[in-house]
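Colleague: Please choose one part of this model and take me through it closely, then set it against the rest of the chain. I would like a connected account rather than a list.

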Amino acid sequence: MSKEIIKIFDTTLRDGEQSPGASMNTEEKIQIASQLEKLGVDIIEAGFAAASPGDFDAIDKIAQKVTNSTVCSLARAIDRDIKAAGEAIAKANKQRIHTFIATSPIHMEYKLKMTPDEVIKRAVDAVSYARTFVSDVEFSCEDAGRSDIGFLKEISDAVIEAGATTINLPDTVGFRMPHEIAHMVKELSTYTKDRAIISVHNHNDLGLAVANSIAAIENGARQVECTINGLGERAGNASLEEIVMALKVRRDIFGNFETNINTKEIYPSSRLIASITGIEPQPNKAIVGKNAFAHESGIHQDGVLKHKETYEIMRPEDIGLSTDDTLVLGKHSGRAAFKDKLAKLGFELSDEALNATFERFKILADKKKDIYDDDIRALVTNEMTSAPKIYELISLQLMDCSDGVPSAAVTIKKDDESIVEASIGEGTIDAIFKTIDRISGMSGELRDYKVKSVSEGKDALASVTVKVAFNKDEPAIIGHGLNIDTMVASARAYIGALNSYLSMAGKLKSNSCDEV
């Protein structure tokens with residue numbers, strides 16, 4: 001008996017980015033898209049082309065970079081949105097437009113102020129127009145979880161006739177229980193038969209997104225929409241890694257289903273997303289949490305030492321998690337050994353990126369005794385996702401004492417010219433950031449500041465993530481900095497955010513579009 005493929009539709013770059021504070025620059029989105037393709041994701045929802053010039057540019061570049069996965073752009077059931085989506089994905093090898101309109105009584109009455117007949121007409125017009133750009137059109141019934149089943153059948157009939165190939169049923173507010181999702185999906189999949197693929201998009205407001213997605217698969221859904229680490233607005237989305245590993249581990253139940261996911265790329269994907277967004281999975285997060293394979297109980301440790309399956313239902317290696325995090329490289333290591341290590345960690349760098357990362361590695365190796373895999377991951381990610389260096393930190397000098405006024409002297413390079421400035425602040429970090437503002441002429445408002453140790457030991461590499469708003473009417477921009485010295489890492493993170501802000505095409509606009 002042949003197995004049925006469950007398509008994995010990843011929306012980390014669209015719905016995941018709408019998680020508060022998770023905005024990404026174009027370079028970061030391209031790197032994530034490349035990793036999602038390596039992971040084996042079937043469809044990558046690269047963004048919302050009509051939301052901003054920056055989103056359009058990122059989707060366009062991803063469309064040119066990705067070859068195996070389908071590249072998708074979301075669009076409201078509005079001609080200008082659909083046109084933007086079609087143009088943004090035009091260069092993709094495989095293209096999809098994903099258009100949507102709300103179908104629940106509460107949304108139609110209070111948000112859309114449209115009758116059911118008007119909603120159907122709008123949906124049909126949207127799908128028909130989308131078909132002039134691509135042959136693969138997905139239609140979503142926003143808030144399907146609270147929609148009338150009869151109306152879902154009626155609008156599905158209409159959009160399938162207009163050319164929709166996938167019907168998506170989002171539980172937009174995470175309201176439904178697994179048995180309710182199962183009933184809705186079974187009704188629609190039985191009704192539509194093989195005329196279209198039934199998909200689900202479950203939010204996690206009640207912590208049931210993964211359970212609801214599994215229930216949907218059991219009852220006819222052949223596509224699930226999800227994100228890495230369960231990212232997404234409010235309580236997030238269904239977690240890709242949990243859905244995929246549930247299907248893999250419980251083959252006794254789901255033996256007839258499989259995905260195209262390369263599970264050994266799950267952990268690298270999780271770490272990349274966490275590093276770029278600055279949003280770490282909770283320690284006890286299933287599959288990818290820091291403690292997911294940790295055993296502290298003496299009874300558990302004894303059992304695992306005797307036979308791993310006593311307390312482990314999957315192996316760390318299954319998700320690409322190395323169980324050997326010891327030193328393998330140092331200051332005497334050569335370029336060939338470094339390149340080989342990157343390959344084992346799943347990185348493929350251009351010669352230019354390899355040379356730049358190797359130089360940073362050698363600098364780090366001179367200062368740090370033990371270099372761990374996570375140190376190398378952080379170096380590579382920081383190098384590959386950084387925005388064009390409009391400003392670059394050259395040196396940093398600080399003065400602070402218990403009874404004195406903190407001050408910072410900063411030297412920054414711009415256009416091959418070194419600029420030196422100094423400033424005082426309410427604290428050392430404040431002084432650094434104010435000095436950078438004086439040099440750039442910008443005024444940044446720090447919205448968030450996080451510092452963490454990348455690995456372990458007193459010489460651990462510090463990773464600093466900042467969220468800075470350079471315009472009160474625009475979203476905060478994320479910046480990352482790495483250094484053994486936390487203050488230097490902080491300065492680099494702030495400059496990284498500044499560079500991202502200045503280099504974003506058209507700058508980001510607030511995304512006021514409706515949600516799926």
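Modeller: Happy to! When I say that two residues touch, or are in contact, I mean that they have heavy atoms within 4.5 Å. Please keep in mind that this is a predicted model. The mean pLDDT of the chain is 89, with 92% of its residues at 70 or more. Residues 505-513 call for caution, since their pLDDT is below 50; even so, this stretch makes 21 contacts in the model beyond near neighbours in sequence.

The part I have chosen is helix 16, residues 428-440. Let us begin with its length. Its 13 residues should span 18 Å at 1.5 Å a residue, and the end C-alpha atoms lie 19 Å apart, so expectation and model agree. Just after helix 16 comes Gly441, with a positive phi near 80°.

Now for its surroundings. Helix 16 is mostly covered, with 10 of its 13 residues buried. Among them are Ile429, Ile432, Phe433, Ile436 and Ile439, but the buried set also includes Thr428, Thr435, Asp437 and Ser440. The cover over these buried residues includes strands 11 (392-399), 12 (407-414) and 13 (417-424). Strands 14 (445-453) and 15 (462-469) contribute too, as does helix 17 (486-503).

Two residues of helix 16, Ile429 and Ile432, also belong to a nonpolar core of 26 residues. Tyr391 and Met504 are other members of this core, which is separate from the largest one. In soluble globular proteins, nonpolar side chains tend to be buried together.

For the setting, let us turn to that largest nonpolar core, which has 87 residues. Phe139, Ile155, Leu169 and Ile243 have the most contacts inside it. Helix 6 (residues 149-162) supplies the largest share of this core, 7 residues. Leaving aside residues up to four places away in sequence, Ile155 touches Thr103, Val119, Ile120, Ala123, Phe139 and Cys141.

Finally, you may wonder about cross-links. A search of the whole structure finds 0 disulfides. Take Cys72 as an example: its closest cysteine sulfur, in Cys226, is 13 Å away, so the two are too far apart for a bond. Both Cys72 and Cys226 are buried, each with a relative accessible area of 0%.

Key:
Residues numbered from 1 in each chain as written. Heavy atoms only, no water. pLDDT = per-residue confidence, 0-100. Core = buried A, V, L, I, M, F, W, Y, C linked by side-chain atoms within 4.5 Å. Buried < 20%, exposed > 50% of the residue type's maximum accessible area, 1.4 Å probe, protein only. Helix = DSSP H or I, 4+ residues; strand = E, 2+ residues; numbered from the N terminus. Expected span 1.5 Å × (residues − 1). Disulfide = S-S within 2.5 Å.
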